[in-house]
Amino acid sequence: MRDRPFLEWDWVLDHLAEIRAATLEHLRLTVIAVVLGVVLAAALSAVALRWRRTLAPIAWVTGVIYTIPSLALFTFLVPIFGLGSTVAAEIALVGYTLLILIRNIVAGVDGVDPAVRDAADGMGYGRWHRLVAVELPLAVPAIIAGIRIAAVTTVGLVTVTGLIGLGGYGSFIDAGLKRQFPTQIVLGGGLSVIMATVIDVALVGLERLLTPWRRSPTQPLAEPEPLAGVLG
Amino acid sequence: MGRLRAIETRPSGATGGGLLGRPGLPAPTGADRGAPITAGDVAIRLDHVEKRFPGSGRAAVEDLSLDIPAGQLVALVGPSGCGKTTTLRMINRLIEPSGGRIEVDGVDVRSLAEHELRRGIGYVIQQAGLFPHRTIADNIATVPKLLRWDRARIRARVDELVELVGLDEELLGRYPAALSGGQQQRVGVARALAADPPVLLMDEPYSAVDPIVRAHLQDELLALQRRLHKTVVLVTHDIDEAIKLADQVAILDVGGVLEQYGPPAELLRAPASPFVESFLGRERALRRMALLTVADAHPQRGAVVDATAPVDEVRQVMQAHRTDWVGVLDGQRMRGWIDEASLAGARTAGAAGPRPFAAWVQPETALREALDTIVQSATRVAVVLRDGDLYEGMVTIDDIARAMER
């Protein structure tokens, strides 16, 4: 292995179809995990926000899940669902996203200015209407921050699913290790980093799209006041 | 006796609305001041209202009964812990009373669904509480949208409100963060008025803006109220704000104890308790003078002659009033003043070259300003003119003192 170059471009060019398939598979596993994670986290957050007492147990359970080593969890699920099972992979992947997503959704909603919430109540919003129309839009920055961390983490974790027989970049790393072939290892790791970065940037773009009100406000027309905190 | 000096006294109309007290509303007169409010006029009635927060030994509001007359601005004032904000929030049920009954327009607030009740009551809070993620236009349109007005109607109403509260139309497409505190507060008022509710609740609306902007916003509220005649309940800890803005002031002590309830001038004239007296602070007479107007001082006819009066008559009038000058009238119009020196060579008062009065006020000028004018005038008299030159009479320090006794 020591004798071989870090990255053999010939091999890469010969296996473009395989790389493309692995990329799609990696993306599929990531997107399913993040989307399901967001849906489940939203539901659990809604429960936690409505009945505050459930927040601590929900946070505790998702926290425990988060501490389980991924390799151990994947291999534990394989006997139940079989090798190469998407279900097994997704159960673990979704489980890992929950803690960060729920924390950020709850913190985002809790972080809404109490005056804004009071105004919404005073205007005659119902509880759920207020959540959907006022609190969630204002929590978008915190929620997207959570999704970014969850997505980037998931891209990394999906490489581990290669070890339980799923495609994606993990299968390159797995094969590279077995064959003592650095190119496959570098390719699997490198592409995984690139995918994480691209998804992260895309989510930043999404946040900007969803929060036009946060874009550098122009100076007030009259009665100028310091814009501290806005310009920073 | 000195001659009339030209002094720096501007007509009160040029100084802006702030010092004018409350023009447009009937000036309080001796007879109806503090009179009980008749039942038909009540917009909001608090009947033995009580609020205890769980886990707190003392009641936030013990037993408060208060009738808020329709179309008036009522200020709830008191130290912190007096339950003024709690009381306000019980009206739109942001806080549920523990006991008693609250009626808005004769309807028990508990008989309506919370959101229905609140959509029918305007609500303005400190720091405006605008929705940061919505444009100014969308913020103003909040309640009409909740009420499912159609788009054209909402648009028309937003345009109307922008004009009403004096906002720049250019701001409509912006987000609240781009606005100054004063502008945000104007948007807050426009949002509260959007569905044209008869009742407006304002919770310390101006405590977060600097004093200059606050004074502006207060003047704007007075001007707005003169046009709209809403029933406004305003919570403030600032007694001067209450005196400036309110038709009726309710002074509350800790536990929602109603210490006194009446027009500001009445409170200043006769505080009901040592608590009220200390809460009102110093210079009560001077502050009351800011509320009463020249008309309350009953201007007297004074030393005046008609422009056609012969010189002999002019001298007689001067003697009768023990002055060395007289005002010259052209029918109802005041042409100015003349003195002995101007009479030389003239046959009538009008021919003596009347010069305009420097010390003049309007019937709606606050007594405090009139007093200022009078003490700066060499003659110790202010001429009262309506619409520029229509003569209403003259006021002296004695007239003002008598008005204060009434």
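Two residues are taken to be in contact if their C-beta atoms, placed from the backbone, lie within 7 Å. On that criterion, in this predicted model, the contact between the two chains takes 28 residues from chain B and 23 residues from chain A. On the side of chain B that touches chain A, the elements giving two or more residues are helix H2 (114-119), strand E6 (121-125), helix H4 (142-146) and helix H6 (181-193) of chain B. Sorted by class, this side of chain B has 13 nonpolar, eleven polar and four charged residues.

**Chain B as a whole**

Chain B holds 15 helices and 16 strands, and its C-alpha atoms fill a box of roughly 85 × 50 × 35 Å along the principal axes. Of its 406 residues, 47% count as buried, and of the contacts in chain B between residues at least 6 apart in sequence, 65% join residues at least 24 apart.

**The six-stranded sheet**

Strand E6 of chain B, which contributes to the side touching chain A, also belongs to an open sheet of six strands with mixed pairing, in the order E6-E7-E8-E3-E9-E10 (chain B). The edge strands are E6 and strand E10 (257-262) of chain B, each of which pairs on one side only, and the twist from one strand to the next averages 15°. E6(B) and strand E7 (residues 199-203) of chain B run parallel and are joined by five bridges; within this pair, Val124(B) stands opposite Met202(B) in E7(B). Helix H1 (residues 84-91) of chain B packs on the sheet, where its direction makes about 150° with that of E8(B). The strands that this helix touches are listed here.

| Strand touched by H1(B) | Residues |
|---|---|
| E3(B) | 73-77 |
| E7(B) | 199-203 |
| E8(B) | 231-236 |
| E9(B) | 248-253 |

**Helix H9 of chain A**

In chain A, helix H9 (residues 182-210) has 29 residues and reaches 42 Å from its first C-alpha to its last, close to the 42 Å expected at 1.5 Å a residue. Its buried residues are Thr183(A), Gln184(A), Ile185(A), Leu187(A), Gly188(A), Ser192(A), Met195(A) and Ile199(A). An α-helix has 3.6 residues a turn, so residues three or four places apart point the same way. The buried residues of H9(A) pack against four helices of chain A, namely H1 (9-14), H2 (16-50), H7 (127-160) and H8 (169-179).

Terms used. Residues are numbered from 1 along each chain as its sequence is written. Chains are lettered from A and ligands numbered from 1 in the order in which they are written. This is a predicted model: local features need pLDDT of at least 70, side-chain atom pairs count only at pLDDT 80 or more; totals for chains, interfaces and linings use all residues. A residue is buried if 20 or more other C-beta atoms lie within 10 Å of its own, exposed if 12 or fewer, and partly exposed in between; C-beta atoms are placed from the backbone. The expected span of a helix is 1.5 Å times one less than its number of residues. Ala, Val, Leu, Ile, Met, Phe, Trp, Tyr, Cys and Pro count as nonpolar, Asp, Glu, Lys and Arg as charged, and the others, Gly among them, as polar. Two strands pair if DSSP finds at least two bridges between them. Axes are lines fitted to C-alpha atoms, for helices over the stretch in contact, and angles run from 0 to 180 degrees between N-to-C directions.
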